[in-house]
Every structure is written in C-alpha cells, then in structure tokens.
Amino acid sequence: MAKKITGIIRLQLPAGAANPAPPVGPALGAQGVNIMAFCKDFNARTKEQAGLIIPVVISVYQDKSFSFILKSPPASTLLKKAANIASGSKTPNREKVGKVTKKQLLEIAQLKMKDLNTPQSRSGLAHDCRHRPSDGHSRRRLNFSGETRHGQNHQTL
C-alpha cells in the first residue's frame with residue numbers, strides 16, 4: 001500500500017548549503033520531518049551544483065518520512081551566471097547590464113527542458129527569452145539561424 005502524503009513543501013535553497021535555519025527548519029519542523037536528515041540528503045545530492053539556487057519539492061508522508069524532487073535552477077539565476085553579473089538591471093528595459101550568446105541561451109533551455117512543458121528546445125528558448133524583461137533583457141526576436149533579427153549573435157541582459 002502506498003504511503004499517504006500529508007503535506008507538500010516547496011523551497012528554493014542554495015545548492016550544497018541547506019541548514020536547519022530558516023526557511024528550512026520552520027517549514028519542515030511544522031510538518032514533523034527530521035530536518036537534519038533532509039539537509040544532509042539535499043546537500044549530498046546538490047554538492048556539484050554549488051553556487052546555484054535549487055528549487056525543491058518535498059513530499060511529507062503520514063509516518064513523517066519524506067521524499068523530495070530537485071528542479072532545475074530558475075532561468076534568472078542561470079542567465080545571471082551566463083552573463084557574469086551579480087544582479088539584474090535596476091531599471092529594466094532602460095539599462096542593459098550584460099550579454100548572453102544564443103549558444104548560452106540554448107544551453108540554459110536544454111537544462112530547463114525537464115521542467116518545461118514543451119518537447120522542443122526552440123520553444124523553451126523562446127519561453128525563456130520572452131519572460132526575462134525584469135532582468136533588463138532586451139526583447140529582440142531570435143530567428144534560430146544563429147543570429148538575432150538585427151544581425152547580432154547575442155541577447156542583451
């Protein structure tokens with residue numbers, strides 16, 4: 001017989017650096033989950049992705065055991081890493097703070113593919129490009145021949 005799920009917890013944690021402090025402790029403690037067991041397991045599974053924020057979905061069962069699913073890092077985090085910037089633009093759509101090549105965008109789309117509901121990387125890439133204006137990302141259209149509409153081989157963040 002399958003275990004009955006009593007709660008689902010969604011968190012975004014730094015890879016390899018989960019600890020019992022907030023937000024992990026209060027979220028898991030309220031459900032009666034062994035906090036240190038989760039932290040050790042999460043840190044072991046994410047140690048190679050250090051420096052990234054990893055979304056995690058934790059299923060808590062009736063006997064207070066748990067299982068969790070790791071998601072891919074948010075697109076904004078991956079774009080900032082690709083552009084080598086610490087934060088997005090303070091004035092989006094006015095001040096551009098970095099550039100990302102189409103090749104980097106395709107790599108990000110491939111990484112995000114397991115969490116997107118599209119089977120094609122072009123659709124995933126277009127989705128990521130359309131939903132980044134708050135990071136100061138320019139909204140030029142990609143034509144998938146390797147260049148943007150304006151003849152440049154990069155996207156501006």
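Okay, let me start in helix 4, because that's where Glu107 sits. Keep in mind that this is a predicted model. Is Glu107 buried, exposed or partly exposed? At 49% relative accessibility, Glu107 counts as partly exposed, since exposed would need over 50%. Now look from Glu107 across to Ala82: in sequence the two are 25 residues apart, and in space their C-alpha atoms are 9.7 Å apart.

Staying with helix 4, which of its residues are buried? Those are Lys102, Leu105, Ile108, Ala109 and Lys112. They span an arc of only 115° around the axis, so they're on the same side of helix 4.

Hold on to Lys112 for a second, as it takes us to Ser72. Ser72 is in the loop between strand 3 and helix 3. With a relative accessibility of 2%, Ser72 counts as buried, because that takes a value under 20%. The side chain of Ser72 makes a polar contact, at 3.5 Å, with the side chain of Lys112. And if you leave out residues up to four places away in sequence, Ser72 touches Pro55, Leu111, Lys112, Lys114 and Asp115.

Right, on to the sheet. There are 3 strands here, forming an open sheet in the order 1-2-3, with antiparallel pairing. Strand 1 and strand 3 are at the edges, and each has a single partner strand, so each has one side with no neighbour in the sheet. From one strand to the next, the twist averages 20°.

Let's take the pairs in turn. Strand 1 and strand 2 run antiparallel and are joined by 9 bridges. If you want to check the register, Pro14 is opposite Ile53 in strand 2, and Gln12 is opposite Pro55 in strand 2. Strand 2 then pairs with strand 3, also antiparallel, over 5 bridges. In that pair, Ile58 is opposite Phe68 in strand 3. The hairpin of strand 2 and strand 3 has 4 residues between the strands, and in it Lys64 takes a positive phi near 70°.

So why call strand 2 largely enclosed by the rest of the structure? Because 8 of its 9 residues are buried. As for what lies over the sheet, helix 2 goes across strand 1, strand 2 and strand 3, at about 30° to strand 3.

That brings me to the core. The largest nonpolar core has 26 residues, and Leu13, Phe38, Phe42, Val56 and Ile58 are the ones with the most contacts inside it. Which elements give two or more residues to this core? Strand 1 (5-14), strand 2 (53-61) and strand 3 (66-70) do, and on the helical side there's helix 1 (24-29), helix 2 (35-46), helix 3 (75-83) and helix 4 (102-112).

Val56 is a good one to click on. Setting aside residues up to four places away in sequence, Val56 touches Ile9, Arg10, Leu11, Leu13, Phe38, Phe42, Phe68, Ile69 and Leu70. Leu13, Phe38 and Phe42 in that list are also among the core residues with the most contacts.

That's my tour. We began at the partly exposed Glu107, and we end at Val56, among the core residues with the most contacts.

Methods
Residues numbered from 1 in each chain as written. Predicted model: local features only at pLDDT ≥ 70, side-chain atom pairs only at ≥ 80, totals over all residues. Heavy atoms only, no water. Core = buried A, V, L, I, M, F, W, Y, C linked by side-chain atoms within 4.5 Å. Buried < 20%, exposed > 50% of the residue type's maximum accessible area, 1.4 Å probe, protein only. Contact = heavy atoms within 4.5 Å. Polar contact = N/O pair within 3.5 Å; in protein donor to acceptor, adjacent residues only side chain to side chain. Arc of directions from axis to C-beta. Pairing = 2+ DSSP bridges. Axes fitted to C-alpha atoms, helices over the stretch in contact; angles between N-to-C directions.
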